[in-house]
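Me: Got a new model to go through. Can we take it piece by piece?

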Amino acid sequence: MIELGHVIAAPMCGALLSDFGADVVKIERPGQGDMLRVLSARAKDGVGVWWKTLARNKRLMALDWKSEDGRAILRRLVENAHVLIENFRPGVLERAGLAPEVLHDWNPDLVIVRISGYGQTGPRASWPGFGRAGEAMSGLAHITGFADNAPMHPGFPAADSTTGLMAAYGTMMALHAVRNGSARGQVVDLAIFEPLLRLIDYHVPTRTGAGLPVDRNGLQAPNSYAPAGVFRARDGKWITVSAGSAATGRRLLEAAGGKTWAEQPQFQSLDGFAEHMDEIVDRLGAFVAKHDAKEAIDIFDAHDAVAAMVYDVDDILADPQIEARGSIVGVDGDDTKVVGPVPKLDKTPGRLRWLGRGELGADSRAILQELAYDADDIEALIEKGAVAEPGH
């Protein structure tokens, strides 16, 4: 897999696939490198922590693929690859003479994954677009926050990360089509707003099917048909509670207010919950406020009701369930921990082989050797600046 992408969306796709054994060759410009290297806090060894996790398990090649010599190297890579992923603005590859039809002439079975702000088609295709624009256009920002306040973006790059996830999904579908003979290589075209638009899912049919607006609703569930909320406990910690049906909602009510309250006739249907949501939220909040967080969660758990502590990162690192699942992993000799491969496969599990390394072009020479360049050719390419390796 050739990763021509940069920053988050394309590298996330490559990282997800590399967790499960994909041989990802990460291409960076000589002397520059991916901006992701400097886009986050640095670990003790000076390497950016975001780079460590999104460049994990990848081989690194510094290649000026716009030069004549670099293009020839890229062609050899393409001829031997299954996938090429890029997230440049539409037209960048075409102007470099690397349009999909050229790449497919080099390798008819190549899957080309193209990520951009607004996709390869449509009136905004040429516009610049980053993750926050995608979060806004998908509707995510509009439904996040309190009704009487400004729309909010989430505390992580949701559009970029979900696009990386959807790109990995699209890559696997396209590869499956090549393998079963239903198609040869094809283009996977992703706009950054589309994965969130698809994952939010309910807002479009709510508006078109039920004729209802979908707006910010604070800490309650969408449209408030089932009880949910985030409440502060006596010890200052926060608890989130939720229900997905009238039956699970009654368990919350029984835990917070007793069996008599929970069994009242209005709580036999979700419509009844919706009509009395203000009362429910007030009583749930009052119940949680009278208890320390762990005590309240234990009471909810005793009633088989769903409640969870709102974790910060230190809570995540200390949680026994997360530890038991092996969700946080690392490598020998590096204090930096990262989130491990997801999902868990019992026969072919993913694994962290190494974290993203600081040396630009760390594997350039080895990759050129695999492409049948001899030692003299490699030295000449390095001297010309078409390729770089550590120390050059």
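Reply: Sure. Domain bounds here come from an automatic or database domain assignment. And keep in mind that this is a predicted model.

Me: Which domains does that assignment give?
Reply: Domain 1 covers 2-199 + 327-388, and domain 2 covers 228-310.

Me: What separates their centres, taken over C-alpha atoms?
Reply: The centres of domain 1 and domain 2 are 43 Å apart, using C-alpha atoms.

Me: And what does the C-alpha trace span along its principal axes?
Reply: About 85 × 50 × 40 Å for the protein chain.

Me: How many helices and strands?
Reply: The chain has 19 helices and twelve strands.

Me: What share of the residues is buried?
Reply: 45% of the 392 residues count as buried. On contacts: take pairs at least 6 apart in sequence, and 65% of them join residues at least 24 apart.

Me: Pockets next. What volume does the largest pocket have?
Reply: The largest pocket holds about 1,400 Å³ of space. Its lining counts 48 residues, and Met1, Ala15, Leu16, Leu17 and Ala22 are the closest to the centre.

Me: Which element gives the largest share of that lining?
Reply: α8, with ten residues. The elements that each supply at least two residues are α1 (9-18), α2 (49-54), α8 (158-180), β11 (338-339) and α18 (364-370).

Me: How do the lining residues of the largest pocket divide, nonpolar, polar and charged?
Reply: There are 31 nonpolar, nine polar and eight charged residues.

Me: What about the second largest pocket, what volume?
Reply: About 730 Å³. The lining of the second largest pocket has 32 residues, with His6, Val7, Asn87, Phe88 and Phe130 nearest the centre.

Me: Which element gives the most there?
Reply: β2 does, with three residues. Both β2 (25-28) and β5 (111-116) supply at least two residues of that lining. By class, the second largest pocket is lined by 16 nonpolar, nine polar and seven charged residues.

Me: Switching to cores. Which residues of the largest nonpolar core touch the most other members?
Reply: Ile2, Ile27, Met61, Leu63, Trp65, Ile73 and Leu77, out of 30 residues in that core. Elements giving two or more residues to this core include β2, β3 (59-63), α3 (68-79) and α19 (375-384). α3 has the largest share, four residues.

Me: Is there another core, and how many residues are in that second, separate one?
Reply: The second, separate core has 26 residues, among them Phe231, Leu252, Phe267 and Ile280.

Me: Back to leucine 63. What does it touch, beyond four places in sequence?
Reply: Leucine 63 touches Ile27, Glu28, Arg29, Pro30, Gly70, Ile73, Leu74, Leu77, Ala386 and Val387.

Me: Now serine 18. Where does it lie?
Reply: Serine 18 is in helix α1. Past four places in sequence, serine 18 touches Val24, Arg56, Asn57 and Arg353.

Me: Why does serine 18 count as buried?
Reply: Because its relative accessibility is 0%, and buried means under 20%.

Me: And valine 92, buried or exposed?
Reply: Buried, because its relative accessible area is 16% and the cut-off is under 20%. Valine 92 sits in helix α4.

Me: What is valine 92 in contact with, leaving aside neighbours within four places?
Reply: Trp65 and Lys66.

Methods: Residues are numbered from 1 along each chain as its sequence is written. This is a predicted model: local features need pLDDT of at least 70, side-chain atom pairs count only at pLDDT 80 or more; totals for chains, interfaces and linings use all residues. Side-chain values use heavy atoms; hydrogens and water are left out. On a 1 Å grid over the protein atoms alone, a cavity is a set of points where a 1.4 Å probe fits but cannot get out, and a pocket is an open set with protein on both sides within 12 Å along at least five of seven lines; lining residues have an atom within 4 Å of a point. Grid points are joined across faces, edges and corners, and a volume is the space filled by probe spheres set on the points. Ala, Val, Leu, Ile, Met, Phe, Trp, Tyr, Cys and Pro count as nonpolar, Asp, Glu, Lys and Arg as charged, and the others, Gly among them, as polar. A nonpolar core is a set of buried Ala, Val, Leu, Ile, Met, Phe, Trp, Tyr and Cys residues joined through side-chain atoms within 4.5 Å. Buried means under 20% relative accessible area, exposed over 50%, partly exposed in between (1.4 Å probe, protein chains only). Contact means heavy atoms within 4.5 Å.
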